[in-house]
Amino acid sequence: METKPPPEGNDSSRPHIGPSVARQSLERTVALLRLLDEGQPLRLEADEAAPTRNVVLEICRRRNQLEWYLGQLADKGVKPRLRRHLCWALAEILWLDGLSPEVAVNLCVEAVKQQFSPREAGFVNALLRRTTGPGARERFAESLEKAPPHVRLGLPESLWRRWRKQFSARQLDELAALLLQPSVLHVRQRQAAGDCPFLGPVFTVPWGNGAEFRLCHDPAALFASAAWQAGAFYVQDPATLLACSLVAARPGETVADLCAAPGGKALALAEAVGPAGRLVALDRSFRRLRPLVRNLAGQGNCLLAAGDAARPPFRPGSFAAVLLDVPCSNTGVIRKNPDVRWRFSETDLAALAALQGRILAGAAPLVRPGGRLVYSTCSIEPEENGDNVAAFLAGHPEFSLAEQRQLLPTAEHDGAFAALLVRQG
Ligand SMILES: C[S@@+](CC[C@H](N)C(=O)[O-])C[C@H]1O[C@@H](n2cnc3c(N)ncnc32)[C@H](O)[C@@H]1O
């Protein structure tokens, strides 16, 4: 089975970067930041060069801190068209260690001179020179002490305001600090893999039904390994198995996963129902169906379809269990997708909660009497989780809540929510 390497996560090795690689990193970073500024999600290529990957992810984690610092350094402000270049140089100077600060400044100044003007290059040079030299990181930290609380925590104000009500001050500080850390790559081990020195020891999680996870500290070695090519591993965070554990699919069952792409949970469910069972995987997005097809390719018990889970193209009562891993704000997976925080909005959250409610109501009739409906998100917002489940139950007395669980992000796993609703027999 071929499974695509993940689009996110840092390469843990940060070798010294040569000037031409650094120049490419600057150009590519500026292009990616432009797309982010246009409101698009971060889409790193699977084979994105490590220097670009590392600096872009660092900027995504700390974008408002960088903007704050720029504001402190330039009393009269910084032209918007210079900000992306400056963010690249500042991130290299303050947090990454593959490039000397002098080289980062020179490359940035040169690029601005070529793309814009010598005058702007002079401005960039003068500004960046103030951020290098002994005590550079301490000066940044001192400046940050004067920043508003949400900037100090690296959160947008909207999310900070919301989480301030949801969590204690200490919980919020700890959560924000965690979300500023580079993510770690987890793999689920699917079969014996022999000696894999690039992986940590096997561990399990209480909700994982014995599934074996390992931390990977050298993704390049993993993806080049024979064990990876043989399908021995699937890149998957332990939190994603919370929903699968509530589905508790049994050999021989017919189960539906109606928001299935790219297929991490679908693969686990297909394995659980086994050759005598059937997994029906549906997703509305044609683009995301492609990785789903790839990820389920080795399974002979799957049926894939494109369609809307709110109006699913299947007969009522067709399934022993239905999983709804609905689209959400993704606030539980910000550590792996650090750009997500900047796109968060209360308006989008309300629209998502309404869509999730429509999917729940539309898909519920597919569950046969006595069957299970599992609703899950990778959000930590009550409106997308417990509130939605409560609203559904109020309008569907034929279902009862058997169990629900919220995982908050920790150093070991992402955040996730899942609820098991059982249809009366
Ligand atoms: C959280 S992701 C699912 C992740 C997937 N379960 C996994 O484990 O890899 C949500 C998915 O829902 C799909 N989606 C969004 N709206 C949908 C709808 N109305 N019907 C079906 N799928 C939908 C998105 O395309 C996306 O692939």
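These legends describe a predicted model in a series of views, from the whole chain to single residues. Local features need pLDDT of at least 70, side-chain atom pairs count only at pLDDT 80 or more, and totals for chains, interfaces and linings use all residues. Residues are numbered from 1 along each chain as its sequence is written, and side-chain values use heavy atoms, with hydrogens and water left out.

**View 1. The whole protein holds 18 helices and 10 strands.** Helices (H or I, at least four residues) and strands (E, at least two) are DSSP runs, numbered from the N terminus. The C-alpha trace spans about 75 × 50 × 35 Å along its principal axes. The radius of gyration is 23 Å, which agrees with the value near 22 Å for a compact globule of 425 residues; this radius is taken over C-alpha atoms, and the globule rule is 2.2 Å times the number of residues to the power 0.38. Of the 425 residues, 54% count as buried. Buried means under 20% relative accessible area, exposed over 50%, and partly exposed in between (1.4 Å probe, protein chains only). About 18,500 Å² of the protein is exposed, and carbon and sulfur atoms supply 54% of that area. Accessible areas come from the Shrake-Rupley method with a 1.4 Å probe; for residues, only the protein chains shown count as cover.

**View 2. The largest nonpolar core has 47 residues.** A nonpolar core is a set of buried Ala, Val, Leu, Ile, Met, Phe, Trp, Tyr and Cys residues joined through side-chain atoms within 4.5 Å. L42, L86, W88, V124, L127 and L128 touch the most other members. The helices α1 (19-37), α2 (50-61), α3 (63-73), α4 (80-94), α5 (101-115), α6 (118-129) and α7 (136-145) each give two or more residues to this core. The largest share, nine residues, comes from α4. Apart from this core lies another, of 35 residues, among them A239, L292, L296 and C302.

**View 3. H150 is placed in helix α8 (residues 149-152).** H150 has a relative accessible area of 14% and is therefore buried. Leaving out residues up to four places away in sequence, H150 touches N64, L155, P156, E157 and W160. Contact means heavy atoms within 4.5 Å.

**View 4. D47 is in the loop between α1 and α2.** At 68% relative accessibility, D47 counts as exposed. D47 and P134 are 87 residues apart along the chain, and their C-alpha atoms are separated by 35 Å.

**View 5. Three strands form an open antiparallel sheet in the order β2-β1-β3.** Two strands pair if DSSP finds at least two bridges between them. The edge strands β2 (212-216) and β3 (233-235) each pair on one side only. Neighbouring strands of this sheet are turned by 35° against each other on average, direction ignored. Axes are lines fitted to C-alpha atoms, for helices over the stretch in contact, and angles run from 0 to 180 degrees between N-to-C directions. Strand β1 (residues 185-189) is joined to β2 by five bridges, and V187 has R214 as its bridge partner in β2.

**View 6. Seven strands make an open sheet with mixed pairing, in the order β6-β5-β4-β7-β8-β10-β9.** Its edge strands are β6 (302-306) and β9 (399-407), each pairing on one side only. The average turn between neighbouring strands here is 15°, direction ignored. Strand β5 (residues 278-283) pairs with β6 in the parallel sense over five bridges, and D283 stands opposite A306 in β6. Helix α15 (residues 286-295) lies across β5 and β6 and runs at about 165° to β6. Helix α17 (residues 346-363) packs on the sheet, touching β7, β8 and β10, and its direction makes about 165° with that of β8.

**View 7. Strand β7 (residues 319-325) is mostly covered, with seven of its seven residues buried.** Three bridges join β7 to strand β4 (residues 254-257), and the two run parallel. The bridge partner of A256 in β7 is V322. Strand β8 (residues 367-377) also pairs with β7 in the parallel sense, over six bridges; in β8, S376 is the bridge partner of D325.

**View 8. L420 is found in strand β10 (residues 416-423).** With 11% relative accessibility, L420 counts as buried. Beyond its neighbours within four places in sequence, L420 is in contact with L246, R372, L373, V374, S400, L401, A402 and E403. L420 and S400 are 20 residues apart in sequence and 8.5 Å apart in space, C-alpha to C-alpha.
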